[in-house]
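Please walk me through this model in the viewer, one selection at a time. I would like to know what to pick next and what is found there.

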Amino acid sequence: MPYDKKLNQFQIAQTNKYNVFRCLVREGPINRAAIAKRLDISIPTVMVIVEDLFEKKVIRSVGKGEFGVGKQPEILAIEPDCFFYVGVDIGRGTLRIVVNNTTGSEVASMKEPTGDPFPEKEFISHVKKLMLRFVKKLKIGPERILGAGFAMPGLIEKGTGKVIVAPDFGWKDIPLQDWLQAGIPYPVLVKNSTQALAVNESSVFWTDEVHTTLCVNLGYGIGAAIITGEDLYEGTGGISGELGHCVVDREGPLCKCGNTGCLEAVSSGEAIARQAQTIIAHHARSKIAEFCGANAAGIDAKMVFDAAKAGDGPALKIINSAAENIGVGLSMAVNLLDPDRVLLCGGLMRNGPAFLDRIQASMEEHLAVKTGRLVLQAGTKDEYSTAKGASRVLMNTLWARRTLPI
Ligand SMILES: [Zn+2]
């Protein structure tokens, strides 16, 4: 076990400064004494740091406290627009961008369809152009943008932001972070989409009592990410959370990864659509056939959910089977991790509460131990959650590196 490094005076001062700043971001508006109490440091130390933050114009006074007797304490708050973070969700077909301010609040967002992801370099160049144009439109000088986080589906190498493989894009060994960085005047960071999503979702539902959150992204594909405390658990190489490629049916269909019967191959949005395409060949009177105008290639998961809601037998069978297999996959993850909370996010969760209920019933049926304390719930259903998470990952990285201009 490694020993804790002994901190020198400079490191202690830096740690205190970052903690005061963080306390103001998370718990402000707040007065000096309350910061000192919360961080267990002396009031004079807080006073020196606050003076410095005032000088750098990253905090402001928002008046005096309104209760108690005697001298009313000055209330401090973060200057929300002192700097900004950009988050970009590179989705298959749609690009979503958010710009967040110092406190993590959204300043602006946009989405735009993207074309074919080939040639890769041109596609990435297009993404960059859209992002820079959007930021320019907001009239925020590049010196006030601290960086841009990009979320990309697929296996992303930890540290380098290289795409090892992105099956939905057909990409392999793409130095995405390096290509994005060329021409962007602030730091760029690439993270796996589900990991970025989990960072945002867990922060939305964050409480002091939740220690471990498993976030599952149920969309065109299936992925998961683990948050312990407030930190993302990435695994040794950054490729943890591949719940979609856990085998739930050894006799199942072939998966893109080369295995058979992966959870993604039987329960993802793509798998649901594919099963429906096969089924309507034998059930011409199915509601699915009606919804897709007999164009089997145009079927998507939402049509199958809509048909199931309208009582269509074949559609119900597909949806229930998908939910049951997700429940099996979740039971394995919960047996292994023992989380406090499981958040179910992604496009499939936008189809009503019955899907969640079915998943929960299946998961509970297969759990080794039913503790009664595990919370399974739907996430925010915010279509910008992944982009916000990418921006938050970037922000957390800059905090960890102690490279904020404070
Ligand atoms: Zn697979």
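**First sheet**

Begin with the open sheet of 5 strands, whose order is β6-β5-β4-β7-β11 and whose pairing is mixed. Strands (E, at least two residues) and helices (H or I, at least four residues) are DSSP runs numbered from the N terminus, and two strands pair if DSSP finds at least two bridges between them. Select β6 (106-113) and β11 (188-192): these stand at the edges with a single partner strand each, so one side of each has no neighbour in the sheet. Neighbouring strands here are turned by 15° against each other on average, direction ignored.

This is a predicted model, in which local features need pLDDT of at least 70 and side-chain atom pairs count only at pLDDT 80 or more, while totals for chains, interfaces and linings use all residues. Residues are numbered from 1 along each chain as its sequence is written.

Next, select β7 (residues 145-152) together with β11: the two run parallel and are joined by 5 bridges. One pair to display is Ala 151 with its bridge partner in β11, Lys 191.

**Helices on the sheet**

Add helix α4 (residues 120-137), which lies across β4 (84-90), β5 (94-101), β6 and β7 and runs at about 35° to β5. Axes are lines fitted to C-alpha atoms, for helices over the stretch in contact, and angles run from 0 to 180 degrees between N-to-C directions. Contact between two residues requires C-beta atoms, placed from the backbone, within 7 Å. Then add helix α6 (residues 193-204), which lies across β4, β7 and β11, at about 95° to β11.

**Hairpin**

Go to β9 (residues 163-166) and β10 (residues 171-174), which run antiparallel and are joined by 3 bridges. Val 163 has Ile 174 of β10 as its bridge partner. These strands form a hairpin with 4 residues between them, and Gly 170 in the turn has a positive phi of about 70°.

**Second sheet**

Select the open sheet of 5 strands in the order β14-β13-β12-β15-β16, again with mixed pairing. At its edges stand β14 (231-233) and β16 (375-378), each with a single partner strand, so one side of each is left without a neighbour in the sheet. The twist averages 25° from one strand to the next. Strand β15 (residues 341-345) runs parallel to β16, with 4 bridges joining them; Val 342 has Leu 376 as its bridge partner in β16.

**Helix pair**

Finish with helix α10 (residues 301-309) and helix α11 (residues 313-337), which pack at an angle of about 115° with their axes 8 Å apart. Show Val 304, Phe 305, Ala 307 and Ala 308 of α10, which make the contact with Ala 315, Leu 316, Ile 318 and Ile 319 of α11.
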